[in-house]
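Here are my notes from a pass through this one, in the order I would raise them at the bench. Have the structure open while you read.

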Amino acid sequence: MADDQAWEEVKRKLPLGVRAQGSVVRHSGFGFFVRLSEFPDATAVVDGISYLPHGQMTPRAEWPTIGALVEGTVVDHVEHNHEVKLRVEPG
């Protein structure tokens, strides 16, 4: 988790609507976590319902593997845990 100063920089450089890229580091029951290429100390999350690479929800078995590179759109900044939320859609 980024400290408060680093978190403010992440929000400034990754405003809502901008594209961000990183590698998948962990799966959870609700989605997966991404280490952002530009901000390795920041955490990004892709909820399973926001992973729509083909325009529709993708089964968990088809989520990207650990280490896979993903790109998505920043759709939220979660203040309480300094998390960037990404949505992955057809590009």
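The points below go from the overall fold to the core and then to two loop residues.

1. Before anything else: this is a predicted model. The protein has 1 helix and 5 strands, and reading from the N terminus the order is α-β-β-β-β-β. So the helix leads, and the strands follow, as that order shows.

2. On overall dimensions, the C-alpha trace spans about 35 × 25 × 20 Å along its principal axes. The radius of gyration is 12 Å, and a compact globule of 91 residues would come out near 12 Å, so the two agree.

3. How much of the chain is buried? Buried residues account for 42% of the 91. The accessible surface comes to about 5,300 Å², and carbon and sulfur atoms hold 50% of that.

4. The contacts reach well along the sequence: among those with a separation of 6 or more, 60% join residues 24 or more positions apart.

5. Charges next. There are 9 positive and 13 negative ones, and their mean positions sit 3 Å apart.

6. Now the core. In soluble globular proteins, nonpolar side chains tend to be buried together. Here the largest nonpolar core has 19 residues, and Phe32, Leu36, Val84 and Leu86 touch the most other members. Two or more residues each come from helix 1 (4–13), strand 1 (19–27), strand 2 (31–36), strand 3 (43–47), strand 4 (69–78) and strand 5 (83–87). Strand 2 is the top contributor, giving 3 residues.

7. Leu86 deserves a click. Which residues does Leu86 contact, leaving aside its neighbours within four places in sequence? The list is Ala20, Leu36, Ala44, Val45, Val46, Ser50, Gly72, Thr73, Val74 and Val75. Leu36, one of these partners, is also among the core residues that touch the most other members.

8. Ser50 is on that list too, and it belongs to the loop between strand 3 and strand 4. Is Ser50 buried or exposed? Its relative accessible area is 7%, under the 20% cut-off, so Ser50 counts as buried despite lying in a loop. Beyond its neighbours within four places in sequence, Ser50 contacts Leu86, Arg87 and Val88.

9. Last, have a look at His82, in the loop between strand 4 and strand 5. The phi of His82 is near 50 degrees, a positive value in a residue other than glycine. With a relative accessible area of 9%, His82 is buried as well.

Note on methods: Residues numbered from 1 in each chain as written. Predicted model: local features only at pLDDT ≥ 70, side-chain atom pairs only at ≥ 80, totals over all residues. Heavy atoms only, no water. Helix = DSSP H or I, 4+ residues; strand = E, 2+ residues; numbered from the N terminus. Rg over C-alpha atoms; globule rule 2.2 N^0.38 Å. Buried < 20%, exposed > 50% of the residue type's maximum accessible area, 1.4 Å probe, protein only. Contact = heavy atoms within 4.5 Å. Areas by Shrake-Rupley, 256 points an atom, 1.4 Å probe, with all protein chains shown as cover. Lys, Arg positive; Asp, Glu negative; His and termini not counted. Charge placed at Lys NZ, Arg CZ, Asp CG, Glu CD. Core = buried A, V, L, I, M, F, W, Y, C linked by side-chain atoms within 4.5 Å.
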